[in-house]
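Biologist: Could you take a close look at one part of this model for me, the salt bridges, and then tell me how they sit in the rest of the fold? Keep it chatty, but give me the numbers.

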Amino acid sequence: TIEGCTRPRRIATIFVYLNTLPEGQGHTEFPRLDLSIRPEKGCAVLWPNLHASGEPDDRMLHRACPVSRNLRKFGMNIWITDMNLSSLALQRGSFTKRKSKSKSRQRDSDAPSQKRRKPGAEAKQAREPDENEKSVNEGGTSE
């Protein structure tokens with residue numbers, strides 16, 4: 001834990017499946033509910049982690065079942081917590097650290113300064129939008 005921070009409580013969890021797996025592979029199991037969910041691309045599972053009283057709901061204990069060696073399970077956890085975690089992330093510096101310049105970029109920056117353009121910058125000069133762009137910009141659809 002980080003000094004001076006209270007631990008966030010997960011109010012609810014959303015798990016999004018990013019790929020489909022065959023029956024019996026990578027299921028999410030809730031043993032106390034006798035529930036097993038097969039991963040299917042684009043589907044999600046939402047469950048509360050707490051009772052209405054704020055106490056943890058032990059029925060939500062779950063596990064990810066293993067997959068065969070030739071398979072992979074891809075998913076995304078979304079945790080709804082009782083505190084804003086963005087300030088915690090910024091406090092730790094995870095979003096503010098920048099990688100150092102590569103040696104080739106350092107050499108370029110040591111050269112006499114010149115106006116540098118991004119590749120293709122010449123093509124980005126003002127032009128009239130084509131018919132498809134006009135209809136989208138005017139609130140229409142391009143399809």
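Modeller: Sure. For what follows, a salt bridge means a side-chain nitrogen of Lys or Arg within 4 Å of a carboxyl oxygen of Asp or Glu. Keep in mind that this is a predicted model. With that cut-off, R63 and E29 qualify, since their closest N and O atoms are 3.2 Å apart. This pair ties together distant parts of the chain: R63 belongs to strand β5 (residues 63-64) and E29 to strand β2, with their positions 34 residues apart. As for cover, R63 is partly exposed at a relative accessible area of 43%, and E29 is also in the partly exposed class, at 24%. Buried would require under 20%.

The structure holds 3 salt bridges, so let's go through the others, using that 4 Å limit again. R9 pairs with D82, and their closest N and O atoms are 3.3 Å apart. Here, too, distant parts of the chain are linked: R9 sits in the segment before β1, D82 in the loop between β6 and α1 (86-92), and the two are 73 residues apart. R9 counts as partly exposed at 40% relative accessibility, and D82 gets that label at 39%.

Then there is D57 with R59, where the closest N and O atoms are 2.7 Å apart. The acid is buried, with a relative accessibility of 6%, whereas R59 is partly exposed at 43%.

Now for the surroundings. The protein chain has 3 helices and 6 strands, and along the sequence they come as β-β-β-β-β-β-α-α-α. Of the contacts with a separation of 6 or more, 68% are between residues 24 or more positions apart. Buried residues make up 17% of the 143 residues. The chain exposes about 12,300 Å², and carbon and sulfur atoms supply 50% of that area.

The R9–D82 pair leads us to a sheet, because R9 comes before β1 and D82 follows in the loop after β6. That sheet is open, has 3 strands in the order β4-β1-β6, and pairs them antiparallel. Since β4 (44-48) and β6 (75-81) are at the edges with a single partner strand each, one side of each has no neighbour in the sheet. Neighbouring strands are turned by 15 degrees against each other on average, ignoring direction. Strand β1 (residues 10-17) pairs with β4 over 5 bridges, in the antiparallel sense, and I14 stands opposite L46 in β4.

The sheet strands also feed a nonpolar surface patch of about 500 Å², made by I11, L18, F74, M76, I78 and I80. β6 gives the most to it, with 3 residues. I11 lies in strand β1 and is partly exposed, at a relative accessible area of 37%.

One last spot for the backbone fans. E29 is in strand β2, and the loop between β2 (28-30) and β3 (35-37) contains D34. Phi of D34 is near 50 degrees, which is a positive value in a residue other than glycine. D34 is exposed, with a relative accessible area of 75%.

Conventions: Residues are numbered from 1 along each chain as its sequence is written. This is a predicted model: local features need pLDDT of at least 70, side-chain atom pairs count only at pLDDT 80 or more; totals for chains, interfaces and linings use all residues. Side-chain values use heavy atoms; hydrogens and water are left out. Two strands pair if DSSP finds at least two bridges between them. Helices (H or I, at least four residues) and strands (E, at least two) are DSSP runs, numbered from the N terminus. Axes are lines fitted to C-alpha atoms, for helices over the stretch in contact, and angles run from 0 to 180 degrees between N-to-C directions. Patches are made of residues with over 30% relative accessible area and no salt bridge: like charges are joined within 9 Å, nonpolar side chains (Val, Leu, Ile, Met, Phe, Trp, Tyr) within 5 Å. Accessible areas come from the Shrake-Rupley method with a 1.4 Å probe; for residues, only the protein chains shown count as cover. Buried means under 20% relative accessible area, exposed over 50%, partly exposed in between (1.4 Å probe, protein chains only). Contact means heavy atoms within 4.5 Å.
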